[in-house]
Amino acid sequence: MNYVPHVVAWNLTRRCNLECAHCYIAAGPRETATGELDTAACLAIVDQVLAVNPVPMLILTGGEPLLREDLTHIARYASGKGATVVVGTNGTLLTDERIAALKAAGVRGVAVSVDSLRPAYHDNFRHGPGSLADTQRALARLSRQRVDFIIQTTVTKGNRAELGALVAWAALQGAVSFNCYFLVSTGRGAALTDLAPADYEAVLADLTRWQREYRGRMLVRAKCAPHFMRHVHQSDPESPVLNYETRCPCGTQYCRITPDGKLTPCPYIPEEAGDLQTQGFAEIWRSAPLLRQLREGALGGKCGSCEYRQLCGGCRARALALEGDVLAADPSCVYEPAAGAAVIEAVRDVTYGSDFQPALSWSPAARERVARIPSFVRGVVMQRVEDWARQQGRSEITPELLAEVRSALPIDFSKKQPFFVADS
């Protein structure tokens, strides 16, 4: 297989104005800039990533990335070179001035964390009095400045009952997606009690229902719970979710860079594949033993024998955190594989991350536009554009037709799409 780093999550700093209970890198106010890569080193790494994939998505996050004074510099450099740049933040520092600066630097979207609509819960979970109110004000500013945003929530026993209300609220705010994260026991999150596997099933069933109910208005996704795909496959086979290769992508299509330049398969796997201060990105990505293990190793336990292993495969980070083996079965899953059942394949061709061979004629201007779409969704977008064109009796894709598609199908085809399907 041709493994491409379609999405790179980059923890630029461990500094943060909050001290969230579940933080996977244990960021907080007591951290300093000591050991962080400087601006020049960051720009050099951007060049190395782009040499392997010219159009990746870069998720600039922390800690709190807004505490890095060079955030807009890094974002402007990466976006100017062809990357799609988004920022992950707790939202409390997003003033109108900071939003305008990010927008001017080419940032295409912002992911903001909201874990409850109850200030007592959210503020306590994030160890920041008034943080929910600050974040809600930031969302209003993002909306006024027409910057795409997603709402991210980590589901716990404390907020499970209000998850439906959070989804509805996120849609009302104008979020392009609601991402429900499932806890991985790493960093400070190792001290939290996770949901029981049966509760995972119940939440995933709810998310499957909501992704259908909000289709065309807001995407609803499960993160760090690939068994979401089993639920969608069983109850909503027409879902566009099934266009995407959302089996755990860590080390195959996705990786993470730490503040000091270490490369890991994903943010929730602390094991290092290599050190970007002494090795090149291409060398690590193509030959690191840990990444090769994830790509070539056989899944263990029931994940290895499950008929859904091609669609799901379990969370590799959770397997490592709880079982000590990156290829072990994901202990959060209650599903028991059917003895002797055939492996379930994708219900349609998966175009996530794949090269696309056009069947219709594309004008040079239209080709130039889609060339700017991040690699991991370009095939999906082009296929769906051609499908729409055929339905309209059109044989050539032009910028005018792309504008029609964007107007007719704003969620599937607007510039928003690459942002909110980033990682699983």
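What follows is a chat between a student and an author about a predicted model.

Reader: Let's start with rings. What makes Tyr121 and Phe125 a stacked pair?

Author: Two cut-offs matter here. Ring centres must lie within 6.5 Å to pair, and planes under 30 degrees apart count as stacked. For Tyr121 and Phe125 the centres are 5.7 Å apart and the planes meet at 10°, so the pair is stacked. The structure holds five aromatic pairs.

Reader: Where do those two residues sit along the chain?

Author: They belong to helix H4 (residues 119–126), and because they are four residues apart in it, about one helical turn separates them. Tyr121 and Phe125 are both buried, too.

Reader: How do you know that the charged end of Arg295 sits over the ring of Trp285?

Author: The distance part of the test asks for the CZ atom of Arg to be within 6 Å of the ring centre. The charged end of Arg295 is 4.5 Å from the centre of the Trp285 ring, and it counts as sitting over that ring.

Reader: Next, Thr92. Why is Thr92 called buried?

Author: Buried means under 20% relative accessible area. Thr92 has 15%, so it is buried. You'll find Thr92 in the loop between strand S3 (84–89) and helix H3 (96–104).

Reader: What makes the link between Thr92 and Asn17 a polar contact?

Author: The pair of N or O atoms has to be within 3.5 Å. The side chains of Thr92 and Asn17 make their polar contact at 2.8 Å. Thr92 has another one with the side chain of Asn90, at 2.7 Å. Leaving out residues up to four places away in sequence, Thr92 touches Asn17, Leu18, Ser131, Asp134 and Thr135.

Reader: And Tyr335: why is Tyr335 called partly exposed?

Author: Partly exposed lies between the buried limit of 20% and the exposed limit of 50%. Tyr335 comes out at 21%, so it is partly exposed. Tyr335 is in the loop between helix H12 (316–323) and strand S11 (361–362).

Reader: Which side chain makes a polar contact with that of Tyr335?

Author: The side chain of Glu307 does, at 2.5 Å. Among the residues that Tyr335 touches are Arg230, Gln234 and Lys302. As for Asn53, it is 282 residues from Tyr335 along the chain, and their C-alpha atoms are 36 Å apart.

Reader: On to the sheet. What makes S7 and S10 edge strands?

Author: The order of the ten strands in this open, mixed sheet is S7-S6-S5-S4-S3-S2-S1-S8-S9-S10. Strand S7 (219–223) and strand S10 (274–275) each pair on one side only, and that puts them at the edges. Helix H6 (residues 163–173) packs on the sheet, where it touches strand S5 (148–155), strand S6 (177–182) and S7.

Reader: How do you know that strand S8 and strand S9 pair?

Author: A pair of strands needs at least two bridges. Two bridges join strand S8 (residues 254–257) to strand S9 (residues 262–264), and these strands run antiparallel. Ile257 stands opposite Leu263 in S9.

Reader: How do you know that strand S1 is largely enclosed?

Author: Five of the five residues of S1 (residues 7–11) are buried, so the strand is largely enclosed by the rest of the structure. Val7, Ala9 and Asn11 point one way while Val8 and Trp10 point the other way, and all are buried. S1 pairs with strand S2 (residues 57–61) in the parallel sense over five bridges, and Asn11 stands opposite Thr61 in S2.

Technical notes
Residues are numbered from 1 along each chain as its sequence is written. This is a predicted model: local features need pLDDT of at least 70, side-chain atom pairs count only at pLDDT 80 or more; totals for chains, interfaces and linings use all residues. Side-chain values use heavy atoms; hydrogens and water are left out. Rings of Phe, Tyr and Trp (its six-membered ring) pair if their centres lie within 6.5 Å; planes under 30 degrees apart count as stacked, over 60 as edge-to-face and the rest as tilted. Buried means under 20% relative accessible area, exposed over 50%, partly exposed in between (1.4 Å probe, protein chains only). A charge sits over a ring if NZ of Lys or CZ of Arg is within 6 Å of the ring centre and within 35 degrees of the ring normal. A polar contact is a pair of N or O atoms within 3.5 Å; within protein, one must be able to donate a hydrogen and the other to accept it, and residues adjacent in sequence count only if both atoms are side-chain atoms. Contact means heavy atoms within 4.5 Å. Axes are lines fitted to C-alpha atoms, for helices over the stretch in contact, and angles run from 0 to 180 degrees between N-to-C directions.
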